[in-house]
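Colleague: I should like a close look at a single part of this model, the metal site and its surroundings. Please take me through it step by step, in terms that a first-year student can follow.

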Amino acid sequence: KKLMDIQPSQLLKRKVDADDGPSTKKSRYSGDEAEEHALFRGDANAEARALAFRRGSATLKAHPKEIVCEEDLKNLPYIGLTNSAKAGHCKMVAMEILSEGFSDEVEDVLNGSFYKSMKLFTGIFGIGPQTARKWYHDLGMRTLEDVKGKNISLTYEQSLGMEHYDDLNTPIKLEEAECIIKMVEKACNEVCDELTMTLVGGFRRGKSQGHDLDLLISHPEDGKEKGKLVLIIEKLKEHFIYTGRKMDVSNNLNKGNFASSTMDNFEKCFSIFKFNKSWLNSNLEGKAEWKAVRLDLIVVPSHQFAYALLGWTGTKHFEREIRRYARTEMKIVLTSHGMHSLDTKQNFPAETEEEIFQKLQLEYRAPSERCC
Ligand code: GTP
Ligand code: MN
Ligand code: MN
């Protein structure tokens, strides 16, 4: 099913919404595949290779004009302008797509047994590339049937991931998200009427669907947000399948390095929520038909709110690049908690995202423009 009937220019056209905009529907590739494959392999230089593909793909997605010929690739950073083997590789793939409408190399990846199995396995909540790779290479596993059949010991999270595999791999729609937002908002209000709840993640960037729903919870007075998460969860307890653990707290305190990773030290909950289908479909009223949905709740003190908002809106690549830029160009360490000078350690408080961009001498980018 090669997409020969599609104009190559459509494949590389700028996306209004990089994640599920109009051109994605027409194109064969999302732009994530080559990056994903490198991370799945996880061999030497995998991260650098993945980053090079991500940058190339982000450049194409953000380009304001249609790319129709090789000439158009010439001045693009990380593709034609950057002189490296990795940029050359990106250019080669882009050129293949321009002339054929698809890339043999990407097709081989997509149709390969390794990529297919890794995609299946990492789709299980609680399974990362490392475990998936072990299953594939050491245990010879290929399918979800293999996971069920081979008598492998799974953690509680992973067994929930298996149990709710289909639900958790079905995108959450905006109207479903809105429904959950209202419920969480109500619970917040009941706990304390001054609590605020703010949508972050893909939905804040304007996506119409997502793999989860991300919400920041805060209180106008610093410190008053503390301990509220358990109370909110308690209010909603009948709707939760799983309320997670505060995963990266100890992790980061031990490593003391949350400045360099995307991990942070907020009180949070990576949960699985029970979405009752009757909330949107009155025909189902009274029926116990529901769907498992990933919900992330992050509690943020007021003085760090702008930084948390910026840090949790994404995309992941945008966060990585703005932090790299801050560090290398401005000698500033940017995290989801704040920003400080690399040399003097001076902190820069900020009330809004705009102030953070300003401090970094960057033009403000609205969430919908952070899709690269
Ligand atoms: P979909 O959920 O697929 O719609 O995309 P998304 O962009 O919302 O992705 P995700 O929910 O994974 O993450 C949202 C943002 O939060 C991204 O910018 C991530 O970098 C960031 N993020 C995710 N997990 C963590 C975490 O543990 N700590 C921190 N600080 N940031 C995180
Ligand atoms: Mn999300
Ligand atoms: Mn999330």
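Modeller: The account below begins at the metal ions, moves to the core and its main helix, and ends with some loop residues.

The model is predicted, and the description should be read with that in mind.

Let us start with the manganese ion (ligand 3). Three aspartates coordinate this ion through OD atoms, namely Asp212, Asp214 and Asp296, at 2.0 to 2.2 Å. Along the chain, these donors follow the spacing D-x1-D-x81-D. Asp214 belongs to strand E4 and Asp296 to strand E7, so this pair ties together parts that are 82 residues apart in sequence.

The manganese ion (ligand 2) has as its protein donors Asp212 (OD) and Asp214 (OD), which lie 2.0 to 2.1 Å from the ion. The two manganese ions, ligand 2 and ligand 3, are 3.6 Å apart, and Asp212 coordinates both.

How accessible are these aspartates? Asp212 counts as buried because its relative accessibility is 7%, and buried means under 20%. Asp214 is likewise buried, with a relative accessible area of 8%. Asp296, at 4% relative accessibility, also counts as buried.

Next comes the nonpolar core. The largest such core has 28 residues, and those touching the most other members are Ile180, Val184, Leu213, Leu215, Ile217, Leu295 and Leu297. At least two residues of this core come from each of helix H13 (174–191), strand E4 (213–218), helix H15 (228–235), E6 and E7. The greatest share is that of H13, which gives eight residues.

Leu297 offers a view of how these parts meet. Setting aside neighbours within four places in sequence, Leu297 is in contact with Val184, Leu215, Ile217, Leu229, Phe240, Glu267, Lys268 and Cys269. Apart from this core lies another, of 22 residues, which includes Ile97, Met118, Val147 and Met162.

Helix H13 deserves a further word. Its 18 residues, at 1.5 Å a residue, should span 26 Å, and the end C-alpha atoms are 26 Å apart, which agrees. The buried residues of H13 include Glu176, Ala177, Ile180, Val184, Ala187 and Cys188. A general rule helps in reading such a list: an α-helix has 3.6 residues a turn, so residues three or four places apart point the same way. Ile180 and Val184, both buried in H13, are also among the core residues that touch the most other members.

We turn now to the loops. Strands E6 (267–276) and E7 (290–300) are joined by a loop that contains Ser278. Ser278 is buried, with a relative accessible area of 16%. Not counting residues up to four places away in sequence, Ser278 touches Leu284, Glu285 and Glu289.

Two further loop residues have a positive phi. Asn151, a residue other than glycine, has phi near 60°, and its place is the loop between helix H10 (144–149) and helix H11 (156–163). Asn151 counts as exposed, at 74% relative accessibility. Lys331, also a residue other than glycine, has phi near 55° and lies in the loop between H18 and strand E8 (332–334). At 41% relative accessibility, Lys331 counts as partly exposed.

Finally, the peptide bond from Gly314 to Thr315 is cis, with omega near 0°. Thr315 is found in the loop between helix H17 (305–313) and helix H18 (316–330).

Definitions and conventions:
Residues numbered from 1 in each chain as written. Chains lettered and ligands numbered in written order. Predicted model: local features only at pLDDT ≥ 70, side-chain atom pairs only at ≥ 80, totals over all residues. Heavy atoms only, no water. Helix = DSSP H or I, 4+ residues; strand = E, 2+ residues; numbered from the N terminus. Buried < 20%, exposed > 50% of the residue type's maximum accessible area, 1.4 Å probe, protein only. Contact = heavy atoms within 4.5 Å. Core = buried A, V, L, I, M, F, W, Y, C linked by side-chain atoms within 4.5 Å. Expected span 1.5 Å × (residues − 1). Donors = N, O, S within 2.8 Å, 3.2 Å for Na, K, Ca; no water.
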